[in-house]
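Me: I'd like a close look at one part of this model, with enough of the surroundings to see how it fits in. Could you pick a single strand and walk me through it in one go?

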Amino acid sequence: MSVCRRPKEFFFKGHNYFFSDHLVEFKDKKFDWLDGRNLCREYCMDLVSLETQEENNLIFRLILKNDVPYIWTSGRLCDFKGCENRTDLEPKNLNGWFWSAIRSKIFPTNRIPPGWTYNPWSQTGHKKIAQPDNAEFDINTTTESCLAVLNNVYNDGIAWHDVACYHEKPVFCEDNEELLNYVASTNPGIRL
Ligand SMILES: [Ca+2]
C-alpha cells in the first residue's frame, strides 16, 4: 500500500486494471464484496466502476473472452446508515445505486444511461423481472445491495444484477485516484 505497487494487467483511459483470477495468488479464489474491495484497496485500487458504455463494453468483452461466470463491481445500494432521509435516492431500486469507488450516482436503473445505447441492467433474473429485483430478500430477507456482472446466469447474456454482498466472486480492480493521490502527496517524487 505504501508505494501502491500494483498489478498492471491492462490500461484504459488513464487507469490500470487487473483481474484477480489472473494473479497466481488469487487464481480460482473468490471474495465477498467487502473482501474483494479490500483486496483492490491494498493496491491503491478499488473494485471496477462502469460509468461509461466504452468501459462497460471493455469489461464485458474480457468476461466473455476469459469465460468468467461473474464478477463484483464497486456498485452499491445506498441502504446503510447515512442514506436514510435522502429523498433523491427514492425509490431505492431506481435511484439508490452508486459507484462506491468514485462516490458517484448510477443512472436510474430502469433507463438507458445518457451516452449509452442499451441498459446494462439485466431485464430478467431469479424472479423473471428486470434487475435490480432484490430477489434474495424474498428467500432469506438478505438485501441484494451489491452490483455484480453475471455472465449468462439467467440466459440473459452478460448483464448487471443486484446480488447479496456475501456471495463470493472474483474481482476486477481499477486504479483509485483518491488513494493514489494520497500516497503521491505523502511521498514526494514517487512514481506510481
Ligand atoms: Ca437480483
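Reply: Let's start with the whole chain: among its contacts with a separation of 6 or more, 60% are between residues 24 or more positions apart. Keep in mind that this is a predicted model. There are 5 helices and 9 strands in the chain, and in sequence order they read β-β-α-β-α-β-α-β-β-α-β-β-β-α. The radius of gyration comes out at 17 Å, close to the 16 Å that the globule rule gives for 192 residues, so the chain is as compact as a globular protein of that length. Its C-alpha trace spans about 50 × 40 × 35 Å along the principal axes, and 36% of the 192 residues count as buried.

The part I'd zoom in on is strand E7, residues 146-151. In E7, 5 of the 6 residues are buried, so the strand is largely enclosed by the rest of the structure.

To place E7, look at the sheet. E7 belongs to an open sheet of 5 strands, ordered E6-E5-E4-E7-E8, with antiparallel pairing. The edges are taken by E6 (104-105) and E8 (158-163); each has a single partner strand, so one side of each is left without a neighbour in the sheet. E7 sits between E4 and E8 in that order.

On the E4 side, E4 and E7 pair in the antiparallel sense over 4 bridges, and Tyr70 stands opposite Leu150 in E7. E4 itself covers residues 70-77 and also pairs with E5 (residues 97-99), antiparallel again, over 3 bridges. In that pairing Leu77 stands opposite Trp97 in E5.

On the E8 side, E7 and E8 run antiparallel and are joined by 6 bridges. Asn151 of E7 faces Ile158 in E8 as its opposite number. The two strands make a hairpin with 6 residues between them, and Asn152 in the turn has a positive phi of about 60 degrees.

Asn151 deserves a moment of its own. This residue lies in E7 but is not among the buried ones: with 17 other C-beta atoms within 10 Å, Asn151 is partly exposed, because a residue needs 20 or more to count as buried. Setting aside neighbours within four places in sequence, Asn151 is in contact with Ile63, Val68, Pro69, Tyr70 and Ile158. As for a residue far off in sequence, Lys29 is 122 residues from Asn151 along the chain, and the C-alpha atoms of the two are 17 Å apart.

Now the packing. What does E7 bring to the largest nonpolar core? It supplies 5 residues, the largest share of this core. The core has 39 residues, and the members that touch the most others are Ala148, Val149, Val171, Phe172 and Cys173. Val171 shows how far along the chain such links reach: leaving out neighbours within four places in sequence, its contacts are Ser20, Phe31, Gly36, Leu39, Cys40, Leu47, Ile71 and Trp72.

A helix belongs in this picture too. Ile63, one of the contacts of Asn151, is a buried residue of helix H2, together with Asn56 and Ile59. Viewed down the axis of H2, these buried residues fall within an arc of 70 degrees, so they line one face of the helix. E7 is part of what covers them, and so are E4, E8 and E9. Over on the other side of H2, Glu54, Arg61 and Lys65 are exposed. As helices go, H2 (residues 53-65) has 13 residues and reaches 18 Å from its first C-alpha to its last, close to the 18 Å expected at 1.5 Å a residue. After H2 comes Asp67, with a positive phi near 55 degrees.

For contrast, go past E8 to Tyr166, in the loop between E8 and strand E9 (172-175). Tyr166 has 13 other C-beta atoms within 10 Å and is partly exposed. Its C-alpha is separated by 22 Å from that of Leu23, which is 143 residues away along the chain.

So, back to E7: 5 of its 6 residues are buried, with 4 bridges to E4 on one hand and 6 to E8 on the other. E7 also helps to cover the buried residues of H2.

Definitions and conventions: Residues numbered from 1 in each chain as written. Predicted model: local features only at pLDDT ≥ 70, side-chain atom pairs only at ≥ 80, totals over all residues. Core = buried A, V, L, I, M, F, W, Y, C linked by C-beta atoms within 7 Å. Buried ≥ 20, exposed ≤ 12 C-beta atoms within 10 Å, placed from the backbone. Contact = placed C-beta atoms within 7 Å. Pairing = 2+ DSSP bridges. Rg over C-alpha atoms; globule rule 2.2 N^0.38 Å. Expected span 1.5 Å × (residues − 1). Arc of directions from axis to C-beta.
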